[in-house]
Amino acid sequence: MADMYSGLNGATSLTAPAGTGTGQGRIPTVIADHAHVTYRIHRGASPGGGPAASLRRLVKRTSSPNVREIHAVKGVTFTAYRGEAIGLIGTNGSGKSTLLRAIAGLLPVDRGAIYTQGQPSLLGVNAALLKDLSGERNVALGCLAMGMHPDEVQRLTPEIIEFSGINRRGDFASLPMRTYSSGMSARLRFSIAAAKRHDVLLIDEALATGDKPFRKRSQRRVKELRDGAGTVFLVSHQLSSIRETCERTIWLESGVIKMDGPTDQVLPAYEDFVNQ
Amino acid sequence: MAHTTVAGAESGSTQAQLAARYGLGAAGARPSLATYTRTLWSYRHFILAYSTARVTSSFSKTQLGQLWQVLTPLTNAAVYYLIFGLILQQSRGVENFIPYLCTGLFLFSFTSGSALAGTTSITSNLGLIRAMHFPRASLPLAHTFTQLQNALTAMVVLGAIVLISGEPLTLKWLLIVPILALLAVFNAGLTMLLARLGARSTDLKQVMPFVMRAWMYASGVLYSVDLFRAHLPGWAAQILEFNPLLVYIELGRYSLMESAPLASSPVELWLLGVGWALVMGIGGFIFFWRGEKEYGRG
């Protein structure tokens with residue numbers, strides 16, 4: 001399987017939903033050009049440490065084992081056009097979320113480049129907000145961080161809280177977020193992020209949060225957003241939601257594009273790979 | 001696979017050409033300084049809301065709540081008065097030691113609080129930075145505002161202390177407003193400077209408490225500034241008189257106290273104060289802006 005598609009690494013997909021072939025006359029919204037993305041993580045205390053070992057590292061100028069560089073995306077090239085919905089699949093740790101963050105401009109590109117039309121928005125569930133503040137204050141803060149005007153924030157706050165459904169069981173909106181269950185805070189974060197209009201929309205696993213009614217509501221919302229947006233990227237482990245939403249799929253494995261093409265061709269290949 | 005064309009090595013240039021043809025911009029590119037400043041201004045509501053939220057949330061788990069905003073400077077002053085005023089008798093040469101000590105201490109806490117918060121303002125907010133798009137300078141600036149709010153409370157406490165200790169209430173007290181404003185600009189620059197340095201090297205967080213303590217001893221917070229002239233060689237005392245914190249603290253004492261020993265004349269102090277605020281404020285901002293692209297990396 002790997003051999004069959006290895007020639008596609010770094011390939012430019014010119015696949016259109018209708019198979020327009022050459023891609024002439026279509027307007028690109030996201031262009032990745034041999035993009036490499038690295039980020040650093042700091043691990044906690046590691047065994048085999050101690051002051052002496054740290055000093056030796058310093059003298060020998062080897063890098064600290066506490067800091068590890070993750071080369072998550074290794075030379076990815078593709079072009080996304082207006083009106084496309086693109087699914088991003090791959091096993092855990094294949095670099096999907098990192099690629100989305102790089103497209104959104106939240107993580108810097110090391111080598112190569114990513115060009116985008118306007119400012120893409122990443123719709124994630126992990127927007128870190130202030131845990132000690134009430135849900136309501138967090139909604140206001142999150143909206144302001146997305147660049148909304150205070151009047152708009154005031155108008156939207158009740159809608160966002162209603163959408164998240166956190167008030168279904170008592171007045172949770174006025175309680176600090178640290179008292180929320182993980183599902184509740186994920187729902188609230190998604191609702192905040194989804195409150196804004198977007199040109200290029202990047203959705204990271206967001207559809208999987210919450211209970212069934214919320215999933216229905218959020219799927220509807222994403223459809224609305226997609227109708228307004230030029231291009232939608234969707235990361236998900238639920239292949240069914242990719243099949244429903246996306247006509248094109250990019251399969252990322254260990255930071256490299258393994259396959260890029262129509263969803264009905266990529267998904268079966270991926271399923272074969274996973275089930276091996 | 002029929003729809004997929006394999007592009008060769010030349011695809012690098014064609015991708016860039018395609019981007020240029022349709023006017024696509026590089027993702028996460030650093031905006032120009034003017035654009036950046038404008039965007040930052042449009043995010044002022046976020047900066048204010050975030051800093052106020054941090055003031056409330058920092059006390060939210062204590063029983064006394066925001067009373068700590070008043071209690072923290074009071075306790076701080078009490079401890080230092082006990083050691084330096086009563087036990088070590090450092091009050092020699094200062095007529096009214098309590099307001100002298102408290103003015104220095106409270107103004108210094110404003111800077112040290114901003115500096116310490118600034119060092120971690122990028123690293124402790126990585127989640128927010130990686131999730132949302134906003135000018136990153138909002139974070140160090142919000143931390144400065146948080147400290148400014150604490151400092152304003154501390155100034156009310158200070159006013160009470162100074163009055164109780166027998167200093168008269170004069171028109172000169174109004175000078176504390178421009179002094180605080182200058183110090184706030186200086187602190188904002190310092191916070192942005194340390195935010196970028198702290199984002200690059202996480203070890204800075206461990207060093208900062210010592211730096212701030214050394215800075216405190218060099219700023220004549222705990223003892224009369226006459227001691228510098230008396231015990232240090234001339235050139236060292238000269239250099240110390242340029243110390244921005246010493247300048248702001250002396251200005252504070254000049255405004256609140258009848259007769260405080262000053263190391264320089266008030267005119268020199270005002271010039272130095274304005275100069276430092278401009279240099280640090282603008283310099284820190286430009287330095288921070290230059291790193292705007294890197295902050296998401298961690």
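In the predicted model, four strands form an open sheet in the order β2(A)-β1(A)-β4(A)-β1(B), paired in antiparallel fashion. The edges of the sheet are occupied by β2 (67–81) of chain A and β1 (25–26) of chain B; each has a single partner strand, so one side of each is left without a neighbour in the sheet. The strand contributed by chain B is joined to β4 (residues 111–116) of chain A by two bridges, and these two strands run antiparallel. Within this pairing, A:T116 has B:G25 of β1(B) as its bridge partner. Helix α3 (residues 96–103) of chain A packs on the sheet, where it touches β1 (28–42), β2 and β4 of chain A. The direction of this helix makes about 115° with that of β1(A).

A helix pair also links the chains: helix α4 (residues 135–145) of chain A packs with helix α3 (residues 44–58) of chain B at an angle of about 145°, the axes lying 9 Å apart. The crossing of α4(A) and α3(B) is left-handed. On the side of chain A, the contact comprises A:R137, A:A140, A:L141, A:L144 and A:A145, which meet B:H45, B:F46, B:A49, B:Y50 and B:A53 of α3(B). By residue class, this contact of α4(A) with α3(B) consists of eight nonpolar residues, one polar and one charged.

With respect to confidence, the model scores ipTM 0.75 and pTM 0.80. Chain B has a mean pLDDT of 85, with 94% of its residues reaching 70 or more. In residues 1–12 of chain B, however, the pLDDT is below 50, and this stretch has 25 contacts in the model beyond near neighbours in sequence.

Note on methods:
Residues are numbered from 1 along each chain as its sequence is written. Chains are lettered from A and ligands numbered from 1 in the order in which they are written. This is a predicted model: local features need pLDDT of at least 70, side-chain atom pairs count only at pLDDT 80 or more; totals for chains, interfaces and linings use all residues. Axes are lines fitted to C-alpha atoms, for helices over the stretch in contact, and angles run from 0 to 180 degrees between N-to-C directions. A crossing is left-handed if the near helix is turned anticlockwise from the far one by less than a right angle, and right-handed if clockwise. Two residues are in contact if their C-beta atoms, placed from the backbone, lie within 7 Å. Ala, Val, Leu, Ile, Met, Phe, Trp, Tyr, Cys and Pro count as nonpolar, Asp, Glu, Lys and Arg as charged, and the others, Gly among them, as polar. pLDDT is the predictor's confidence in each residue, from 0 to 100. Two strands pair if DSSP finds at least two bridges between them.
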